Amino acid sequence: MTFEPSAEILASDHLLAAWLAEAAGQRLLEVRATSGLEGKELKDAGDLAAHELLMELVAEHRPDDAVLSEEGKDSKERLGKDRVWIIDPLDGTREFSEPPRDDWAVHVALWASSNGGELIAGAVAQPALAGASVQSTFHTGAAPVVPPSTSERPRIAVSRSRPPAFVEALAEEIGADLVPMGSAGVKMMSVVRDISDAYVHAGGQYEWDSAAPVAVAAAAGLFTSRIDGSPLRYNQDDVYLPDVIVCRPELSEQILSFIERHGVE
């Protein structure tokens, strides 16, 4: 499959981020459907195919920009660049390797040095949702409208394995239910989609895990921060960014207050 963006897409960083995420998502669907691989081999093949495609497309269409990708070697030259694409070619490799699971994603964000260094565009594609009658790509060019919560109790998105004790304690204090799912990006987009109301993570992540979902969530009017309430900063020398909160604004004070009083241990 060949990928060629329209002139309209090339003129907009927002639309280009969405197009890049969707192109990588289509490549991942091809790998999943036709490679005949399973388990770790499928994970590795998907990661590599999506990474190589995204590197090729950014180099072609934004040749002066730098790229920080989970699957690439981190060149510190990006620290002197005005624009840096922050990419996770496949977020949720475990879920990707377990067809027909759909809770995996592609993250594409753009950081710019303007205004002190901020994310200026982002997209999260969930390609396996495309066959359903639901939106499968969320991006800053058409900021999602978060619907009113359809749940009587708050819902906190957590990993499929045992949730951290502090999140269980948080849920008990605010009367919330835990909703297990894969991929960090899927968890953050679950707040956008009214599948959950909050995602609170303190177990270790890197910039590419949260950049694109945070950009989309912020554009949608959701609250985003680190667990101490401070801003999330990207294109740093050290790309380790271990914690994040994405939630409906009305829950932010309760969550931050709980963490201040009890910590995350």
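**Reading a predicted model: burial, cores and odd angles**

User: Leaving aside neighbours within four places in sequence, which residues is glutamine 205 in contact with?

Analyst: Ala184, Tyr199, Ser210, Tyr240, Leu241, Pro242 and Val244. Each has heavy atoms within 4.5 Å of glutamine 205. Bear in mind that this is a predicted model.

User: Why is glutamine 205 called buried?

Analyst: Its relative accessibility is 5%. Buried means under 20%, so glutamine 205 qualifies. The residue sits in the loop between strand S8 (198–201) and H7.

User: What makes the link between glutamine 205 and tyrosine 199 a polar contact?

Analyst: The distance between their side chains is 3.0 Å. The cut-off is 3.5 Å for a pair of N or O atoms, one able to donate a hydrogen and the other to accept it. The pair therefore counts as a polar contact.

User: Why does glutamate 152 count as exposed?

Analyst: Glutamate 152 has 83% relative accessibility. Exposed means over 50%, so the label holds. Glutamate 152 lies in the loop between strand S5 (137–139) and strand S6 (155–158). Its C-alpha is 10.0 Å from that of glycine 175, 23 residues away in sequence.

User: And why is leucine 53 buried?

Analyst: Its relative accessibility is 5%, and the limit is under 20%, so leucine 53 is buried. Leucine 53 belongs to helix H3 (residues 39–61). Beyond four places in sequence, leucine 53 touches Phe3, Ala23, Ala24 and Arg27. Aspartate 65 is twelve residues along the chain from leucine 53, with 16 Å between the C-alpha atoms.

User: How do you know that the span of helix H2 is close to the expected one?

Analyst: H2 covers residues 13–34, 22 residues in total. First C-alpha to last, it reaches 31 Å. At 1.5 Å a residue, 32 Å is expected. The two values are close.

User: What is found at the start of H2, and what comes just after H2?

Analyst: At the start, a side-chain oxygen of serine 12 comes to within 3.3 Å of the backbone nitrogen of histidine 14. That falls inside the 3.5 Å cut-off for a polar contact. Just after H2, glycine 36 has a positive phi of about 75°.

User: What makes phi of serine 183 worth noting?

Analyst: Its phi is positive, about 30°, and serine 183 is not a glycine. Most residues other than glycine have a negative phi. Serine 183 lies in the loop between strand S7 (177–180) and H6. Its relative accessible area is 6%, under the 20% limit, so serine 183 is buried.

User: Where is asparagine 235, and why is it called buried?

Analyst: Asparagine 235 lies in the loop between strand S9 (223–225) and S10. At 7% relative accessibility, asparagine 235 is under 20%, so it counts as buried. Its phi is positive too, near 55°.

User: How do you know that the peptide bond from proline 99 to proline 100 is cis?

Analyst: Omega is near 5° for that bond. Most peptide bonds are trans. Proline 100 sits in the loop between helix H4 (93–96) and S3.

User: Why is the aromatic pair of phenylalanine 96 and tryptophan 104 called edge-to-face?

Analyst: The centres are 5.0 Å apart, and pairing needs 6.5 Å or less. The planes stand at 80°, and edge-to-face needs over 60, so the name fits. Phenylalanine 96 and tryptophan 104 are both buried. Elsewhere, ring pairs link Tyr206, Trp208 and Tyr240 into a cluster.

User: Which members of the largest nonpolar core touch the most other members?

Analyst: Ile86, Met188, Met189, Val214, Leu222, Tyr234 and Val246, out of 34 residues. Elements giving two or more residues include strand S2 (83–91), helix H6 (184–192) and helix H7 (207–219). The core takes at least three residues from each of domain 1 (7–139) and domain 2 (155–262).

User: Which residues does tyrosine 234 touch, not counting those up to four places away in sequence?

Analyst: Ile86, Trp111, Leu119, Glu207, Ser210, Ala211, Val214 and Leu241. Apart from the largest core lies another core, of 30 residues, including Leu16, Ala50, Leu54 and Val106.

User: How many residues of domain 1 and domain 2 are in contact?

Analyst: 36 residues of domain 1 contact 25 of domain 2. The centres of domain 1 and domain 2 are 21 Å apart, taken over C-alpha atoms.

Technical notes: Residues numbered from 1 in each chain as written. Predicted model: local features only at pLDDT ≥ 70, side-chain atom pairs only at ≥ 80, totals over all residues. Heavy atoms only, no water. Helix = DSSP H or I, 4+ residues; strand = E, 2+ residues; numbered from the N terminus. Expected span 1.5 Å × (residues − 1). Core = buried A, V, L, I, M, F, W, Y, C linked by side-chain atoms within 4.5 Å. Buried < 20%, exposed > 50% of the residue type's maximum accessible area, 1.4 Å probe, protein only. Domains from an automatic or database assignment. Phe/Tyr/Trp six-rings, centres within 6.5 Å; stacked < 30°, edge-to-face > 60°.
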